[in-house]
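The following note is offered for the reader who wishes to go through the strand pairings, the core and several buried polar residues in order. The points may be read beside the coordinates.

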Amino acid sequence: MNKTNFLKAPRKYQPYEVILNLDDNQTQKENLGRIQVHERKFILPPKDIYHSCKPNAYIDWSSTQLKALEIIPKEKLITYHYGTSEDDYRIGAFHCNCGSSDCVQFFQGCKYLTKAQRDKIKDLLSPFLKRKYYGETRF
């Protein structure tokens, strides 16, 4: 995957700082750049965001914003874990080479993660995925 087309930090970000508003630009499930918001709702972010099993950003589902998880230096590639939004991503499945000790190796969606892998990202899951895999109804 060519990383040059993906979102890089235009400046330094502090933890929990807003990086990007994801808006409500709805798209089709077949669009590989999509983010799954609900079971049948997909949005297209204004910039492509790279995957990492140890991300430096997350989606704040209450505001639909991408926020920093840690200090992100200027020009660093901004990443989020696709498993926090994508339930079935077989259409864009890929071999992950993030290098994290928690790397899933081959990503094709949250539903294909082991329970242990899913538990590691539970706090970052979309409300749809929390409800589906953990029965949570309060967010």
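1. The model is a predicted one. Strands S3 and S4 pair in the antiparallel sense, and 3 bridges link them. Within this pairing, His 38 has Lys 41 of S4 as its bridge partner. The connection from S3 to S4 is a hairpin of 2 residues.

2. S4 also takes part in a second pairing. Strand S2 (26-27) and strand S4 (residues 41-43) run antiparallel and are joined by 2 bridges. Here Gln 26 is matched with Ile 43 of S4. Together these strands form an open sheet of 3 strands in the order S2-S4-S3, with antiparallel pairing. S2 and S3 are the edge strands, each pairing on one side only.

3. Another open sheet of 3 strands has the order S1-S7-S6, and its pairing is likewise described as antiparallel. Its edge strands are S1 and S6, each of which pairs on one side only. From one strand to the next, the twist averages 25°. The antiparallel pairing of S6 with S7 extends over 4 bridges, and within it Asp 60 stands opposite Gln 65 of S7. As general background, strands of a sheet pair through backbone hydrogen bonds, in either a parallel or an antiparallel manner.

4. Asp 60 deserves separate attention. This residue belongs to strand S6. Is Asp 60 buried or exposed? Because its relative accessibility is 14%, Asp 60 counts as buried, the cut-off for that class being under 20%. The side chain of Asp 60 makes a polar contact with the side chain of Ser 62 at 2.6 Å, and another with the side chain of Lys 67 at 2.7 Å. When neighbours within four places in sequence are left aside, Asp 60 is in contact with Gln 65 and Lys 67. Tyr 16 is 44 residues away from Asp 60 along the chain, yet the C-alpha atoms of the two are separated by 9.1 Å.

5. The largest nonpolar core comprises 35 residues, and those with the most contacts inside it are Ile 19, Ile 35, Ile 49, Leu 66 and Ile 78. At least two residues of this core come from each of strand S1 (18-21), S3, strand S6 (57-60), strand S7 (65-68) and H2. In soluble globular proteins, nonpolar side chains tend to be buried together.

6. Which residues does Leu 66 contact, leaving aside its neighbours within four places in sequence? The partners of Leu 66 include Val 18, Ile 19 and Leu 20. Also among them are Ala 57, Tyr 58 and Ile 59. Ile 49 and Ile 78 likewise figure in the contact list of Leu 66, and both also appear among the core residues with the most contacts.

7. Helix H2 covers residues 127-134, in which Phe 128, Leu 129 and Lys 130 are buried. The buried residues of H2 pack against strand S3 (35-38), an edge strand of the sheet discussed in point 2. After H2 comes Gly 135, with a positive phi near 70°.

8. Leu 129 also appears in the surroundings of Thr 84. Thr 84 is situated in the loop between strand S8 (79-80) and strand S9 (94-95). Its relative accessibility is 3%, and Thr 84 therefore counts as buried. A polar atom of the Thr 84 side chain lies 2.7 Å from the backbone oxygen of His 81. Neighbours within four places in sequence being left aside, Thr 84 is in contact with Trp 61, Ile 121, Leu 124, Leu 125, Ser 126 and Leu 129.

9. His 81 is also a contact of Ser 52, a residue that touches Thr 79, Tyr 80 and Cys 98 as well, not counting residues up to four places away in sequence. Ser 52 lies in the loop between strand S5 (50-51) and S6. Ser 52 is buried, since its relative accessible area is 9%. The Ser 52 side chain reaches the backbone nitrogen of Lys 54 at 3.1 Å.

How values were computed. Residues numbered from 1 in each chain as written. Predicted model: local features only at pLDDT ≥ 70, side-chain atom pairs only at ≥ 80, totals over all residues. Heavy atoms only, no water. Buried < 20%, exposed > 50% of the residue type's maximum accessible area, 1.4 Å probe, protein only. Contact = heavy atoms within 4.5 Å. Core = buried A, V, L, I, M, F, W, Y, C linked by side-chain atoms within 4.5 Å. Pairing = 2+ DSSP bridges. Polar contact = N/O pair within 3.5 Å; in protein donor to acceptor, adjacent residues only side chain to side chain. Axes fitted to C-alpha atoms, helices over the stretch in contact; angles between N-to-C directions.
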